[in-house]
Amino acid sequence: MQKTILITGGGRGIGAATARLLAQQGHAICINYSSNQATAQAVVKDIQAAGGQAWCVAADVSQADQVQALFAFVDRECPPLYALVNNAGIVAPYARVEDMDVARFQRVFATNVMGSFMCAQAALKRMSTRHGGAGGSIVNLSTAFVKTGAPGMAVDYAASKSAIETFTIGLAREVAAEGVRVNAVRPGLIDTEIHAAAGDADRANKAKDFVPMKRAGRAEEVAQAIAWLVSDAASYSTGAVVDVSGGV
Ligand code: NAP
């Protein structure tokens, strides 16, 4: 029977590339997005045109009621949930910590940390053998910024992703005997629209010389690592964090 992979923030960037790759591998795909319906629908149409099953659902993962509604949609419309890719994430315009207001910190942590936490919780209640599920897999998105803390740019964002790495390790061990693997990927400089949100749309080009491989990565390259961690090929990996960063 076909099973569903839910990808938060799957309408653009790394999430969209992951949706396309996992659909090619034969999975039913439910992508979530925040406000950009057109791009999410385009991903769904591409998957359907290639003969796959796909849905898209608007939901702000930082809001508990919207996360509940998202999973209720999956329960109602999709084959059983097999995996969650906690990909939705935001970065605010680059700034020094002393110039960041509390609302910004709250927004970044609510989306990147609480959003991933609430989605993981809902997924576990469907996948864990402890709750009568058939097992499954969760992949979280970190960032290579956890290694430096992103001073002068995005210390809030880097700290939120450090929380995600610790969450990954702890949750992995908590549910390891319940059929659910929990891993993370740690992308470096990847060429997506997230850099425009940070106020530097050309960052993938400008910062490439700081990368040992001297280039930015592509969303499709991160998708390959996510797809491996989701798959049974990674059956003995849990609590792992995989760098996809060109050597950073
Ligand atoms: P992106 O191109 O900016 O796409 C972000 C996606 O997340 C969009 O689909 C967006 O929806 C969705 N989203 C944002 N806030 C949301 C919310 N509150 N609820 C639901 N969906 C939300 O980002 P990306 O570069 O692909 O990044 C994906 C993940 O990789 C993020 O967690 C990011 O932190 C991480 N990452 C990226 C890089 C990089 O260099 N690109 C490096 C390291 C880690 P809409 O389309 O509706 O706005």
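How do the residues in the lining of the second largest pocket divide by class into nonpolar, polar and charged? Let's work towards that by walking through the structure, keeping in mind that this is a predicted model.

A good place to start is the empty space. Rolling a probe the size of a water molecule over the atoms shows where such space is left. Here the largest pocket has a volume of about 1200 Å³. Its lining comprises 49 residues, and those that lie nearest the centre are G89, I90, Y157, T192 and I194. If you would like to trace the walls by element, the ones that give two or more residues to this lining are α1 (13–24), β2 (28–33), α4 (102–127), α5 (155–175) and α6 (194–197). By class, the lining of the largest pocket holds 24 nonpolar, 19 polar and six charged residues.

Now turn to the second largest pocket, which holds about 230 Å³ of space. Thirteen residues line this pocket, with Q121, L124, L171, E174 and V175 nearest its centre. Two elements, α4 and α5, each give two or more residues to the lining. And here is the reply to the opening question: the lining of the second largest pocket has six nonpolar, three polar and four charged residues.

From the pockets we can move on to how the helices pack. Take α1, one of the elements that line the largest pocket, and follow it to helix α8 (residues 219–230). The axes of α1 and α8 are 8 Å apart, and the two helices pack at an angle of about 55°. That angle falls in none of the ranges for roughly parallel, roughly antiparallel or roughly perpendicular, so α1 and α8 count as oblique to each other. Their crossing is right-handed. On the α1 side, the contact is made by G13, I14, A17, T18, L21 and L22, while α8 brings A219, E220, V222, A223, Q224, I226 and A227. Sorted by class, the residues of this contact are nine nonpolar, three polar and one charged.

The next pair brings us back to α4, which gives residues to the linings of the largest pocket and the second largest pocket. Helix α3 (residues 64–77) crosses α4 at roughly 35°, and their axes come within 10 Å. This crossing, too, is right-handed. In the contact, A64, V67, F71, A72 and D75 of α3 meet M118, C119, A122, A123 and R126 of α4. The class division for α3 with α4 is eight nonpolar, no polar and two charged residues.

Conventions
Residues are numbered from 1 along each chain as its sequence is written. This is a predicted model: local features need pLDDT of at least 70, side-chain atom pairs count only at pLDDT 80 or more; totals for chains, interfaces and linings use all residues. Side-chain values use heavy atoms; hydrogens and water are left out. On a 1 Å grid over the protein atoms alone, a cavity is a set of points where a 1.4 Å probe fits but cannot get out, and a pocket is an open set with protein on both sides within 12 Å along at least five of seven lines; lining residues have an atom within 4 Å of a point. Grid points are joined across faces, edges and corners, and a volume is the space filled by probe spheres set on the points. Helices (H or I, at least four residues) and strands (E, at least two) are DSSP runs, numbered from the N terminus. Ala, Val, Leu, Ile, Met, Phe, Trp, Tyr, Cys and Pro count as nonpolar, Asp, Glu, Lys and Arg as charged, and the others, Gly among them, as polar. Axes are lines fitted to C-alpha atoms, for helices over the stretch in contact, and angles run from 0 to 180 degrees between N-to-C directions. Angles under 35 degrees count as roughly parallel, over 145 as roughly antiparallel, 65 to 115 as roughly perpendicular and the rest as oblique. A crossing is left-handed if the near helix is turned anticlockwise from the far one by less than a right angle, and right-handed if clockwise. Contact means heavy atoms within 4.5 Å.
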